[in-house]
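Trainee: Could we go through this model together, taking its open spaces before its packing?

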Amino acid sequence: MSTATATKPKSGGAPAKRGKITWPVVLLLIAGALVLVSAVEAYTGNYGLTSSGQISAALSSAVPIAMAGLGGLWSERAGVVNIGLEGMMVAGTFCGAWAGYLVNPWVGLLAGMAGGALGGLLHALVTVTFGVDHIVSGVGINLLIPGICAYVNRIYYKDYVANGAGANQSPPADPLPEITIPGLSSWLESIESHHWFLVSDVAGILAGLVTNLSVVVVIAAVLLVVTYFLLWRTVFGLRLRSCGENPTASESLGVNVYKYKYYAVVASGAFAGLGGAYLSLVAAHFYKDGQTQGRGFIGLAAMIFGNWMPGGLAMGAGLFGFTDSLQLRDADNVHVLLLVIAIAMALLALWQLYRRKFTGAVISAVVAVGLGLWYALTDTVQRPLIVATPYVITLVVLALASQRLRMPKADGQIYRKGEGK
């Protein structure tokens, strides 16, 4: 009787946890997406979505988003909301271009990280030490730093007009080295040119990853891997994450909560600064007002999409980077993408219908029909809609992923030392 009582579920208990999406499921979804894209490309005769040029452009667009998201991950895992990442990225673009022009681009990368770290230090001082609301501090940083950079740019670079500077941009810096694996790159590109079903698509994706790859892309990938091992496999990471979950309990165990929050927020600014330096040293080779174009906020969205985990963040940055790069490539690619999304939404509607989620099935079916009609009744997508694609995708993905999110419990809370005593 006691055994039956112990195993009987309580009617008023908490609902069962949602099943986690495992890596085999993720890989299966990626494989399914590749098959779908290959089929659509074969039907339309447009092979641009998986071309090496498109993948290379997507990777280039994903790096600053990933670095901003990585900064947000460090900060929020320690319990500090950092919407000032946009301003810290601006500091990285300015300092990176400035040092890259005066010294060399390698020093420019370090200067960009230092500029972002100073913004992170300011955010930590205001939020951790003085207890100001995190959102208020972030908004202030997003207003303050771009204004300072624009003002200094107009004052400092007025004597460098002959070297390519202008009223709102700096002189160009030297480029950073790129990595290409000659034999492998040419072999993959030759397979891509045959347009074999699925095989050429995979070859195009791999070719984009080994051709004209900026060294900063490799650095960014290493930082994502190092972040995972540092925050989830070391005592330092355990203590830092505990400050974002329950700082009072952490303090009771001897953890210096203030110190770890400072570490996290300063590192957050440094990563965002690296993303900004990438924009001014790799993507454009110069600083320009408004260069970040909201990528700090998109990086936050990628972090949320990834559920505050490095792997999910990388996938989110890749998705947003892909949509962001569409405006740099052939507009026909976006038109083909409409058909891909329409079919994907139709399959999602069938899956939801199978699971008896009728409301979701109806919504997915309506979206699928709408996108299908848009594709069938048009020959191209207007330029303003292409430019808006990354921001629309950001909103849609966050809406779809919101049911599985689990933020750190003490994220955004004002913590005062000794409050648990």
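Trainee: How much space lies in the second largest pocket?

Mentor: The model is a predicted one, and the figure that follows is computed from its atoms. For the second largest pocket, the space comes to about 440 Å³.

Trainee: Which helix gives the largest share of the lining of the second largest pocket?

Mentor: The lining has 17 residues, and Leu279, Ala283, Gln291, Gln293 and Arg295 are those that lie nearest the centre of the pocket. By character, the lining residues divide into eight nonpolar, six polar and three charged. Both α12 and α3 (52-77) supply at least two residues each, but the largest share, four residues, comes from α3.

Trainee: Which helix gives the most to the largest nonpolar core?

Mentor: This core has 61 residues, and Trp74, Val216 and Phe320 are those with the most contacts inside it. Leaving aside residues up to four places away in sequence, Phe320 touches Ile65, Ile298, Ala301, Ala302, Ile393, Thr394 and Val397. Apart from this core lies another, of 18 residues, with Ala58, Val336, Leu338 and Val381 among them. To the core of 61 residues, the most is given, with 12 residues, by helix α12 (residues 257-283).

Trainee: What covers the buried residues of α6?

Mentor: Helix α6 (residues 134-156) has 23 residues and reaches 32 Å from its first C-alpha to its last, close to the 33 Å expected at 1.5 Å a residue. Its buried residues, including His134, Ile141, Ile145, Cys149 and Asn153, are covered by elements that include α4 (85-102), α5 (105-129) and α13 (295-305).

Note on methods:
Residues numbered from 1 in each chain as written. Predicted model: local features only at pLDDT ≥ 70, side-chain atom pairs only at ≥ 80, totals over all residues. Heavy atoms only, no water. Core = buried A, V, L, I, M, F, W, Y, C linked by side-chain atoms within 4.5 Å. Buried < 20%, exposed > 50% of the residue type's maximum accessible area, 1.4 Å probe, protein only. Contact = heavy atoms within 4.5 Å. 1 Å grid on protein atoms, 1.4 Å probe; cavity = no way out; pocket = protein on both sides within 12 Å on 5 of 7 lines; lining within 4 Å. Points joined across faces, edges and corners; volume = space filled by probe spheres on them. Nonpolar A, V, L, I, M, F, W, Y, C, P; charged D, E, K, R; others polar. Expected span 1.5 Å × (residues − 1).
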